[in-house]
Structure formats: structure tokens, C-alpha cells
Amino acid sequence: MTGVSALGIDVGSATVKVVGVDDAGALCWDALEPAQARAEVQIARMVEDARRACDTLGGGKVSLIATGCGRGLVHQAVREVTEITCHARGVFREVGHGGTLVDVGGQDSKVIAIDPGGAVTDFAMNDKCAAGTGRFLENAARHLGVPLESLGHVALEAREEVRISSTCTVFAESEIVSLLAHGVAVEPIVRGIHRALILRLVAMIRSVGLVAPLMLSGGVVCNPAIGTMLAEETGQQVVLPRHPQLMGAYGAALIALEGR
Amino acid sequence: MNPAASLAYACNARVLGPAALRAARLHAEWQARGGAGRSPHLAPPLRIAPRCKEMVARHWLEGRYVQGVRKVAWVTSGAPVEFLTALGFYLLYPENHAAICGTARVAVDLAAAAEEAGYSRDLCSYVRTDLGSLFSGRTPVGRLPRPDLLLACTNICQTVLFWYRVLAEHFGVPLVIVDTPFVYGEEASPNSLRYVGTQIDEAIVVAEKVAGRALSARSFERVATRSRRATELWLEILQRNRHVPAPISAFDQFVLMAPIVELRGQAATVDLYAAMLCEVDERIRRGVASVREEKYRVLWDNLPIWFRLRAVAELLAERRIAVVASTYTNAWGELAPYLDTASPRESMIRAYTYPILNRGTGHKLHIMQGMIDDYHLDGVILHSDRSCKPYSLGQMDQRERLTGGLKRPALLLEADHNDMRCYADEQAATRLAAFAEMLEAQR
């Protein structure tokens, strides 16, 4: 295993990710944990773990760049860079081309236009609410009693689909309760909530303008229904990097590597 | 005229109050010389800023005591007011009052009072702020005088129609509406201009009746001349930002524009802007930049976010971004060529028919494209203002054209000019930071 030359940390709303890259920019070390309430303590511990790993792998003292909504809490970082730039950088390096990147995170979603050279040319983010984000699916899963890990499979295997008219997390909950009260089965509702989220994403994609190919990143895209149904709605194939959840931290590490 | 009111007015609005405001101004000037409150990224405010603040404060102070002394008209920001000033009316701009509430961060509490009375949160936050102030009696300016006349001009939005009808019902005073047909093409039709002219004539008749005297042609011409001169000077000040680095930021302009809106027919306003122009020229000569390390120059579209004015300015300046032009502040300068002092009535018809919000989205795009060239801009921030639909309409298409055709990064920043509940600090900061990173990457 090669040494770690730079580190990136992505402090998201649901998880904290740390990635180490080698001299050539290849992802060579990573850690992922659910986000804890005592964020600064968790960050300090994870950074310390990463530093130790660097020592073990022969990297020595390397620079760290922070991204994610909690990036301001990473006092050990040399610089903060937004998730938009970091996800774009990580995915571009991973897939080797530009296009339209859809990053679906725990509390926000972004659509990022990346030019053939890897630069961000435009982006859109969800407004001040959880519509179109992982939180929307989490809430629905809890109400429906379906484990989050199997939510996507349930959606894809459903033979029917009911329409959830609201992408507002609060209103959608009311709709789900009402549908269950009317005896509607769980599976069509699960598929319906995925459709609502996808339509919200498609609206954001349209606001930026879709330039193929469509690429995905963020923890929520590990749910297989997101890629499948997004491809269905847009008529485009979607490209999924190997570690979609780590792309923000990976991009941060790449920027740290360039700035050495 | 009420003698007690006149005495209170003379003492408070003419002697004691102005003396206190003058002392406050001198104190502010002294503090500024000492470098108090300086930002590491922004140039200090213009030396004339305390004088501008004093002038505006005097206007609102006068409003507290003017009842029963002068006739009062409440007017929309785009209303033809020159004949009202010539007739001696004290003019109150509810929109400016709402903006003061926004910067004082009391707008949400006031808006809540209007919402409790049944006004929807989907209404403009200026409307809710002012109606809430009216219903609760709370205002950061002390007291608002009751209007004797209401004048609403539809050249900024259609909301004012309904807003002023509520005011007319509340106060039981005459409401004059000047309806300005939307200008779809390059020129307004002769019929449209005639229609606006007829309404201005009718408005003058009503205003004369309320004022109890006839409009003097000489006074009207004098006020129109001052209006034109102040507007020309304001435009010149804005255009000085074509210089690199820019001497005055759009955030400064948002504050310094108050007199051009609410005091534009007055001699003191002309003097203020003439002195301001001299100071801006001096800054250019001395190489003073509004953003100390200016590297990127951008345009701001739409109203400012009043309650985060300083925070957004600092955030951008820290990243070496200077907001050097704005379609909003430009709106009070770009009409200067229409103002012909020889025929005030005719010039008013044209000037008040052609404001940017009374024209198509293509016209605004054209204005922005021109500003990008004239001011050497690297990008555009489009404030998608939840409250101001006419201003925000078309921004998606405008952004597409700016990013596509002109290859300039354009950020759509979702916020509101007064309602803090429609604004998320963290999300806005991330958007602005990502926009800065785009600008950096394109250099």
C-alpha cells in the first residue's frame, strides 16, 4: 500500500467521511462514521485516526482540506472548500469526464454542471427545506417501518406505485399516514416517495440544464432505486462512481494534494 | 394649522432634533477618523456617509411631528412625486420604512402582526412589515404621520394596488392610482403615454384639492430640475465604478440611495450627491478600492437582503469579490435622460413609464449585458427575492443566457429582502462560497 500524501474530510449532516490520497491522487485510505452530536470531538478523533494511518502508511504530516456543511468545525484543516467544488473534483477524477453531477446528501441535494476540463460552470441546490434529500427518504422509511438499507430494493420490486403529491417532508408524512389508513400497501407507497424525490431532482437538473452524461454522488445514491428511477425519468444512463459517498472527501483530498 | 402641533414641530423637527442628529453625525465622523469598526477586507464607508444618514434621519424625524403642520402623502417608490413636492407635501415612502425595519431586524416581528391579522405570508414582506407596523403601532422611526393622500404607481408591481387600497380603507383618505401600462417593446405606445399623462393630470387635481392650493408652474419646474440633477449625479456616482478597482460597492450604494428615492426633488439632495461624487473621484485619484484586495467584479440583481447587508458584503470581500454594479441602484439613475426640466409633465410621463420593472425580462437582460461590458464584470449574483416576484421573474432564463452566451458564472441566491425566515445563513454562505470558487477556477 502506498503512503498518504493528502487528506480530505467531508462533514455531512448524516455522516463524516475522511479520505487519504497517495501522490498520484488515488484513493488509498478512508473512514466513514455516522455524524454524532458532539461533532468537534468526533472530527478531532477521526482526524487523529487519519494522521495515525498516514504515519503507518509512511505519509508523515500531510495537509487536510475540509468540506461539507460542518466544514467550519474542522480546525485542523488548512482550508475550507465547498461541497460543490469537492464533489465535482472527486467525481471528475474518478470518472474522467464532465457532465451533470447529481449529489444527493442527507440534508441537501445539488446539481452541478462540470465542463470537459473538470471546472464547475453552474450549480443548483435545494432550497431551505429537506425536499429532495436523504432526510425525506429517512422520514418516510421510519413511518413505513421499512429499514433504510432495503428501501430502494422495496421500491424497485414494487409492482404498483401511488402518487405522493408533495415533496415537502412534513406534508409527505401526512400523505403516507393517510394512505396507510386507507389500506394502501407499503410497497407502492415506497415507490411513490422515490418518484417524488426523483421529480424534485429532475426539476433541479432542468434548472441547470442537462448535459450528458448524468453522474451521481452522495450517500443517498447507494440506494439503487435512485439511479434506476433517475435514468427512467431523464432517459439518460447514469454513471455511478465506485465510492459515491466518499466523493466530497476525495475531492477535498485532491485539492489538498494540489496545494501541497 | 394646529398651533400646538406647529410649536412641537418647530421645536423638535427644526431645532432640537436636528441639533441632536448633527451631534450624532459629528460623533460618527470623529469615530470614523479614528478607524472605529473598520473591516479588514472593506474600505471604510465614504466620509459623507454620516451626512447622508443625518439627512435621512432628519426626514423621518420630521415625519414624527409633521402631522397638522404639512400635508402628508404616502407614495410608492416609483411614483411621480415632483408635483407633490412642489405642492409642499411631506412624502413618506412605506417601502423605505419597511427597509429601515429590515436593516433594524424588526421586520419579522412586524410582519407577524400582519400575518396574525390574516395577511398571507406569500405577500411581499415590505407590505407585511408596513401593515404590521400600522396595526401594532410599532416602528423604529418613532412615529409615522397619518397620510392625507395616497399615491400608488403600478410601475414597480401590481401588489401596490391592493396594498394602497388597504391603506385607503384604513385611513379613509383619497387614493390616487397611476397605472402605467407594461412596456413590452422598445417604446411605449403613444396611447400608453397619453393614458399615463391623463392620470398624472388627474392626480395633480386631487393633490391640489388636498393641499388647498394650486400647483405653481415655477415650483414644479424647480423641483423637476432638482430631481433631474440629483438623478444625473447619482448615475455618475454609479458609473464611476467602471474604474478598476471600484471606489464604492453596491452595498454602500444600497444605503446611500435613500435620498435619491425619498428626497430627490430637494436642493439638499443635489448638494449631497455633488459632494459624494467629489469624494468618489478623490477615491479614484488615491486608488482607494471598496474591496481592499479586489480581484473579481460582480453584478447584483434585485433588491438587497436588508437584514444581511453587512454579512454578505464581508463574506464576498473576504474572497476578494467586489459587487460593483446593481440593477436596483441603477434603476434610480437610468431614467435621467428622460427627465426634461423644460416640460416637467411630459418628462414625468416618460420617466415613470420606463422603470426597469415596467419593462420585459429581455430588457433587464439587455441592461445586465451592457453592465457586464461597461463595468468589466466577472459574474452575476441574481437574488431570487421571494417577496419581489416582478423582479425575480425571468431570472432563470437570464441566468441561462449569462452563463451560456456570455460565459459568466451567475448565481441564483434564494432569499428575501426583509423576511429572515426565508433565508438560511449556512445555505447562502455555501452558495456564495461555491460561486467564489467558480470565479477563482475561471481565472
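These are my notebook entries on a predicted model with chains A and B.

**Chain A, overall**

I started with the general build of chain A. I counted 8 helices and 10 strands there. The C-alpha trace spans about 60 × 40 × 30 Å along its principal axes. Then I checked the radius of gyration: chain A has 19 Å, and since a compact globule of 260 residues would come out near 18 Å, the two agree. Half the chain is tucked in, as buried residues make up 50% of the 260 in chain A. I also looked at how far apart in sequence the contacts reach. Of the contacts in chain A with a separation of 6 or more, 69% are between residues 24 or more positions apart.

**Where A meets B**

Next I turned to the contact between the chains. I found 15 residues of chain B in contact with 15 residues of chain A. Which elements of chain B supply at least two residues each to the side that touches chain A? They are α18 (395-404) and α19 (425-442). The largest share of that side comes from α19(B), with 10 residues. By class, I noted 6 nonpolar, 4 polar and 5 charged residues on the side of chain B that touches chain A.

**Helix α4 of chain B**

I wanted to see how covered α4(B) is. This helix runs over residues 94-103, and 9 of its 10 residues are buried. Among the buried ones I wrote down Pro94(B), Glu95(B), Asn96(B) and His97(B). Further along α4(B), Ile100(B), Cys101(B) and Gly102(B) are buried too. What covers them? The cover of the buried residues includes strands β1 (72-75) and β2 (90-92) of chain B. Helices α5 (107-116), α6 (125-136) and α11 (258-262) of chain B are also part of that cover. After α4(B) comes Arg105(B), and I noted its positive phi, near 55 degrees.

**Strands β3 and β4 of chain B**

Last, I followed β4(B), residues 175-178. Which of its side chains are buried, and which are not? Val176(B) and Val178(B) point to one face and are buried, whereas Leu175(B) and Ile177(B) point to the other face and are not. That fits the usual pattern, as side chains in a regular strand alternate between the two faces of the sheet. I then looked at the partner strand. β3(B), residues 149-153, pairs with β4(B) in the parallel sense over 4 bridges. Within this pair, Leu151(B) sits opposite Val176(B). To get from β3(B) to β4(B), the chain passes through helix α7(B), residues 159-171, and I logged this β-α-β crossover as right-handed.

Key. Residues numbered from 1 in each chain as written. Chains lettered and ligands numbered in written order. Predicted model: local features only at pLDDT ≥ 70, side-chain atom pairs only at ≥ 80, totals over all residues. Buried ≥ 20, exposed ≤ 12 C-beta atoms within 10 Å, placed from the backbone. Pairing = 2+ DSSP bridges. Right-handed = clockwise from strand over helix to strand, strands pointing away. Rg over C-alpha atoms; globule rule 2.2 N^0.38 Å. Contact = placed C-beta atoms within 7 Å. Nonpolar A, V, L, I, M, F, W, Y, C, P; charged D, E, K, R; others polar.
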